[in-house]
Structure formats: C-alpha cells, structure tokens
Amino acid sequence: MEMFKPVYIDGTDIVLLDQRLLPQEERWLRINTVRGVFDAIHDMAVRGAPAIGITAAAGMALATMESTEHGNLMTALRQAGEFLKSARPTAVNLEWAVNRMLDKAASECEGKGREECIALMFDEARRIHEEDIAMNLRIGRLGGELLPEGAIMTHCNAGSLATGGYGTALGVIRGARDAGKQVRVVSCETRPYLQGARLTTWELLRDGFDVTMITDNMAGYMMSRGMIQAVVVGADRIAANGDTANKIGTYTHAVLAKRHDIPFFVAAPWSTVDLKTPSGANIVIEERSPDEVLFCGGRRIAPKGVKVFNPAFDVTPASLITAIITDRGVFKPGPGGVDWTQG
Ligand code: MRU
C-alpha cells in the first residue's frame, strides 16, 4: 500500500487533507497564499508538530513568491516567518522549519534571480518533507524493537496525519507490526478536540489495525486490570532535560503508567528536540478557544456563563518517560535528565 501523506506540494500549491472534517469527510484543500497557510495551521486543518512544520516550510516558499521586491527578500521572509510562527506556539517544529527556510534563503538566494530562488525554496520544503518521512521510518524501526506485544495505548494522533507520513508514535506501532509483533491499539479519544477518536482510529482502521477506542478517563482502569502493555505518544517539544510537551492528557497517562509499572515511550523526530529550552517549565502552552470544551459534536454541553480553561498541551516530566525514541537513537532519561550523547 502506498504511504499516506496528509500534505504535499503540487507545483506551487500546498495540498492538504482537511483534518477538521475527518472522519466524516475526506476533503483536500489547495493553498497558495501565506495567509492561507497561517489559517490552515491556526484553525487546525493541518495539525501535529511535524505536519505543521512541513506546511510552514512550504508557506515560506509561498512567501518568496509573494515578496514583490526581490531586493528586500530577507525582510519579507522574516516577517512572513514571524507571522507563521505565531499560528501555534507549542510545537517547536513550526519554528524549526521556518528558521531552516530562512537559513536557506539567506545562504542561497543572494545573487540569484527571483524564479531561481522560488524554485530553491520549494525544493527545500520538499526536502524537509522527505526527511521527515525518513526520520519516521527510522523511529518506527527503533521503537518497533522496544515495544512489547499486546495492547499499546496512544493519545491524540501522532500518526501519518500528524507528520509527513508513517507517523511517530503510530510509526513505532507500525514498526512493531512490521517486526512481526502482535500488537493491538487502544486509542484514547483525546478530549476536547478528539484527535484520538476522529483521526487515530480513522488512520489505523484504514491500515488494518485492531483498534479499540476509549474515553481518556478509562486509561487508569485498563492499566489497573493489566489491559495495557505499553504507552506510546508523540511530542510537540522536548526540552533539553527530556521534559516533553504533548497533547493535554499525556501527563495523566504518564503518571498512571508509572503507578502501574507500564513502559511509557515518547517518539519524535530530532526536529522536535529543543535544546534551547532547558526544561518543561520554559515551554509555552497554547490555550485554545473555550468553544472546543463547551461544544461536542456541534452541540453545547455546558450552561452559558460557565468558565472554561482549555490548555492544548501539558508537560510530562522526563522522570516519567521510559525512553525517548528519535531518529538519532533511543534516549533513556536518568535522574539528571537526558544525556543526548548516549542514544
Ligand atoms: O493540537 P495538535 O493536534 O496539533 O496536537 C498534536 C499532538 O499533540 C501530537 O501528539 C504531536 O504533535 C506529535 S505529532 C507526531
């Protein structure tokens, strides 16, 4: 089966599957403006740290097309970069991809014609996409060796849909299957945005996996009954000490996993490791609209006037993580954090 990719570059268009409509409808969007890229990231038509990064990289290529005065290209690109970065603050891959595109322009557009520079920028965005897939395949191989057989729980969607293809956490589960292990998946629904219910189940069923969906608050019960053999999740930003920001609810699962002696794995490409951020305390956590909590399936579920708090991510301390699986190796956090030279 051909690898599913939720985003790709077609000429100078960015084509992406509108994840807001899944699983009911598969509609592909064609985007050809920087504003359109910002909206797609901000409104979560595309989501998941690596997929956001790839989309933003292509957005920087569009910014090159939109800059009218080639002489002021770098100023225009820096502005576009700041704009795109502001779409969502927590996933470091967005900032990483924008900065890589800025470096590309600064080092290679100088002295080149406009058309040549635009082509270079689209090529770089495509390269970022291809590299992401290659990293995921490697993460899948490394993680697949670590994963036990049995029921593997995951939270949110860190699959093909969240990356250039193959996935990180779901890539590890795919890697385990490819290694001949008998695995079945327990997908937490992931309130309030329901990435687990809507996206992970959609993606894994399509791929022939045995998937059971649970509400987030059923995880402890299942763990206490021996019904979960491991947990694997993705990451939006991994601080230098190994503390990991991921979808809200991840921390709760990590605490429960520790209590029940269940291995808890984080899977992410190296572009998610942010050595400039010392610890989880320094990670900015995005807060999203109260409506995501107040409404479920388009229906209001709480009275008007109630206050809502809607942090989109939480931070799991490194001490609760059994191993961080990256394309550069597997890192086991110790008492002092993570030694990134020992993968
Ligand atoms: O708000 P989202 O859906 O973009 O959050 C996604 C997650 O938290 C994922 O687990 C993370 O980005 C890793 S994706 C490989």
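**Figure 1. Strand pairing around S2 in the predicted model.** Two strands are taken to pair if DSSP finds at least two bridges between them, and in this predicted model Tyr-8 stands opposite Val-15 in S2, while Ile-9 stands opposite Ile-14 of that strand. Strand S1 (residues 7-10) runs antiparallel to S2 and is joined to S2 by 4 bridges. The two strands form a hairpin with 2 residues between them, and Gly-11 in the turn has a positive phi of about 65°. On S3 (residues 28-31), which is likewise antiparallel to S2 and joined to S2 by 4 bridges, Trp-28 is the residue that stands opposite Leu-17.

**Figure 2. The open three-stranded sheet and the burial of S2.** The 3 strands form an open sheet in the order S1-S2-S3, with antiparallel pairing. Because S1 and S3 stand at the edges and each has a single partner strand, one side of each is left without a neighbour in the sheet. On average, neighbouring strands of this sheet are turned by 25° against each other, direction ignored. In a regular strand the side chains alternate between the two faces of the sheet. In S2 (residues 13-17), 5 of 5 residues are buried, with Asp-13, Val-15 and Leu-17 on one side and Ile-14 and Leu-16 on the other, so that both faces are covered.

**Figure 3. The largest nonpolar core and a second, separate core.** Of the 40 residues in the largest nonpolar core, those that touch the most other members are Ile-14, Ile-41, Met-60, Leu-77 and Met-121. The elements that give two or more residues to this core are S1, S2, H1 (34-42), H2 (49-66), H3 (73-85), H4 (92-108) and H5 (114-146), and the largest share, 10 residues, comes from H2. Leaving aside neighbours within four places in sequence, Met-60 is in contact with Leu-77, Ala-80, Gly-81, Leu-84, Val-98, Met-101, Leu-102 and Met-121. A second, separate core of 27 residues includes Ala-151, Ile-214, Ile-228 and Ala-268.

**Figure 4. An aromatic cluster that includes Phe-4****.** The count of aromatic pairs comes to 7. In one of them, the ring centres of Phe-4 and Trp-28 are 6.2 Å apart and the planes lie at 55°, so the pair is tilted; this pair links distant parts of the chain, with Phe-4 in the segment before S1 and Trp-28 in strand S3, 24 residues apart. Phe-4 is buried, with a relative accessible area of 16%, whereas Trp-28, at 37% relative accessibility, counts as partly exposed. Phe-4 also forms an edge-to-face pair with Trp-202, at 5.7 Å centre to centre and 75° between the planes. Trp-202 lies in helix H7 (residues 195-206), 198 residues apart from Phe-4, and is buried, with a relative accessible area of 12%. Ring pairs link Phe-4, Tyr-8, Trp-28 and Trp-202 into a cluster.

**Figure 5. Two buried residues of helix H9****.** Thr-250 lies in helix H9 (residues 250-259) and is buried because its relative accessible area of 1% falls under the 20% cut-off. Not counting residues up to four places away in sequence, Thr-250 touches His-155, Val-233, Phe-264, Asp-314 and Thr-316. His-253, also in helix H9, is buried at a relative accessible area of 3%; with that sequence exclusion, up to four places away, His-253 touches Met-153, His-155, Cys-188, Asp-216, Ala-219, Met-223 and Phe-264.

**Figure 6. Charged ends over aromatic rings.** The charged end of Arg-177 sits over the ring of Phe-209, 3.9 Å from the ring centre. In another such arrangement, the charged end of Lys-247 sits over the ring of Phe-313, at 4.2 Å from the centre of that ring.

How values were computed:
Residues numbered from 1 in each chain as written. Predicted model: local features only at pLDDT ≥ 70, side-chain atom pairs only at ≥ 80, totals over all residues. Heavy atoms only, no water. Buried < 20%, exposed > 50% of the residue type's maximum accessible area, 1.4 Å probe, protein only. Contact = heavy atoms within 4.5 Å. Axes fitted to C-alpha atoms, helices over the stretch in contact; angles between N-to-C directions. Core = buried A, V, L, I, M, F, W, Y, C linked by side-chain atoms within 4.5 Å. Phe/Tyr/Trp six-rings, centres within 6.5 Å; stacked < 30°, edge-to-face > 60°. Lys NZ or Arg CZ within 6 Å of the ring centre and 35° of its normal.
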